Amino acid sequence: MTNSPFLDRLRKRRTAIFFALPAVIILLAITVFPLIYELRLAFMSWELTTNAPARFVAFQNFGKILFHDARFWSSLRVTMVLIVFGVGIQLTVGTGLALLLNRLRRPRTLLVSLFLIPVMIAPVVAGFQFRMIYHDQFGPLNYLIELATGGRWRGFAWIANPKIALIAIMFTDIWQWTPFLMLIVLAGLQSVSLELYEAADVDGATPWQTFWRITLPLLLPVIIIGILIRAMDSFKLFDIIYLVTGGGPGNVTETISFYTYLQGFKFFSLGYTAAMAFVQLIVITVIAKVFINFQKRQQEGV
Amino acid sequence: MRRRSPAQVTVVMFVLLIALIFFLFPVVWMLLTSFKSQSEYFSYPPVFWPKDFSLRNYFNAMALPPDGRGGLQGLRDSMVIAACTTLVSVLVGSLAAYSLSRFKTGGENFSFWILSTRMFPPVAAALPLFLIFKQFKLLDTHLSLIIANTIFNLPFVIWLLKGFFDELPVEMEEAAMIEGCTRLQAFRLISLPLVAPGLVATSLFSFIFSWNEFMFALLMTRRNVRTLTIIVPSLVGGHEILWGEIAAIGTVAIIPGIFLSLLLQRYLVRGLSMGAVKG
């Protein structure tokens, strides 16, 4: 072996590639190849329900999605509602809980783990749990409401009433994911230096001022990461919808993932589904890019 | 920490306790339902505490439809798929993570590409995979779900392990290589043992993600393969509402999740935030 810097670099390159190669091959095979296949599909019309063969239609699918498909926009609206209100509530409650947990001393770790149970269980199972809880005749929720209102309010059809079905979905999502935001805000709180608080105390700041002027700005990076992760998750929201409402009544709880599923695997419009998948991929890629840039900036300590 | 009066601590504890009850109630309700008789869960006002904790639902559920194998089959399939997915992801992923961490292989675009695969909506990958699996006659096999789950687990594993490798001092490997170790030996003998806790945590997360996965299982399987997450909705949609049996299967299905939530305390922040927040 020579010690020339060039050969040395080459050798290093080779080891680097050798280590990464298996993962690259697998990822190429199972993600890139299907995506190219899908991209081709996105420019075709292929309806399995008719016997017509697949044919090339250029940008027709995309045009239909953007300009003629009210149901697509409705599913996008549902997704946005879940992001804005659902994630908003998760963040508020999660931050509140984190602030409280941060005030405890020792028994915290066990408590945090217990809080995290909803996050760790299968969304399908969570959906089933709420299916029981929301049941209009036998569900404990209606019973609690009846008790609390002295029998005046009773018998809500949580998942059959179009006016409240989306709230029922949002509530399930809130139940499952608030602990996640609580967890990362708590992690953020723990890295906040105590001296800042002492300084604020000395200067006679009220707790309210301390929160808005010190705690929140310092937590902002963690909060933004949480929001981005949850926003991307919301685009994937499927399991709970499938189990609790099936997108109904009508399509008031249909998220974009669920609508894509229906187009592909219930209506069998393969080309159209592929096009819709690509629209989502573009949106997600943008959010992911923001996420990564943001994370990089954090790590560089800017 | 600033000093707190005992009264304040009591109030904090009280509020947290109420919150905890809220977050655990659905799980506890399902657990209790799994022990109830049909007349108990179909009653109003609802029965909270089952009269006798009967295991009947569990026995029924394990042998339930479609062909008398029910929950047991689900348990087996979920286990096989989650274990194989994890094994492949961690074996291949740890090498790639090491490469990314030590050599910055492929630069930023490469790591972005890896992470973005993780963020795909699964439904976007589902259609082409379905058609490809169909072509290769892979539908309704364990392999199809192992492949589909690997798409999302491998990037996760790489990304998380990269964080763990980043934290290792490179000096020890360098010393080993000066002593005559090859890079692969240095990796295997020095780095890998040092990230062992990270490796275990990553594997467990990978296992649970695959265990909880639903959409691919729904689309890629028919009769031969039925994960636990498939059995739950298939029973919910049936003619009879078998709440007791479903609750029993659901309870079995969430045991790993609960277990890991307690076991992974130290790594929860990292694992759930894709390494973006260090706990």
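Which elements of chain B have the lowest and the highest mean pLDDT? Helix H5 (residues 107-119) of chain B has the lowest, 79, and helix H10 (residues 196-212) of chain B the highest, 94.

This is a predicted model, in which local features need pLDDT of at least 70, side-chain atom pairs count only at pLDDT 80 or more, and totals for chains, interfaces and linings use all residues. Residues are numbered from 1 along each chain as its sequence is written, with chains lettered from A and ligands numbered from 1 in the order in which they are written.

**View 1. Confidence in chain B.** Chain B averages a pLDDT (the predictor's confidence in each residue, from 0 to 100) of 87. In chain B, 95% of the residues score at least 70. The model has ipTM 0.91 and pTM 0.90.

**View 2. Helix H4 (residues 70-103) of chain B.** Helices are DSSP runs (H or I, at least four residues), numbered from the N terminus. The end C-alpha atoms of H4(B) are 48 Å apart, in agreement with the 50 Å expected for 34 residues. That expected span is 1.5 Å times one less than the number of residues. H4(B) bends by about 30 degrees at B:Gly93; the bend is the angle between axes fitted to the seven residues ending there and the seven starting there. B:Lys104 follows H4(B), with a positive phi near 50 degrees.

**View 3. Chain B against chain A.** Here 78 residues of chain B contact 82 residues of chain A. Contact means C-beta atoms, placed from the backbone, within 7 Å. Helix H1 (residues 6-33) of chain B gives the largest share of chain B's side, twelve residues.

How values were computed: Helix = DSSP H or I, 4+ residues; strand = E, 2+ residues; numbered from the N terminus. Contact = placed C-beta atoms within 7 Å.
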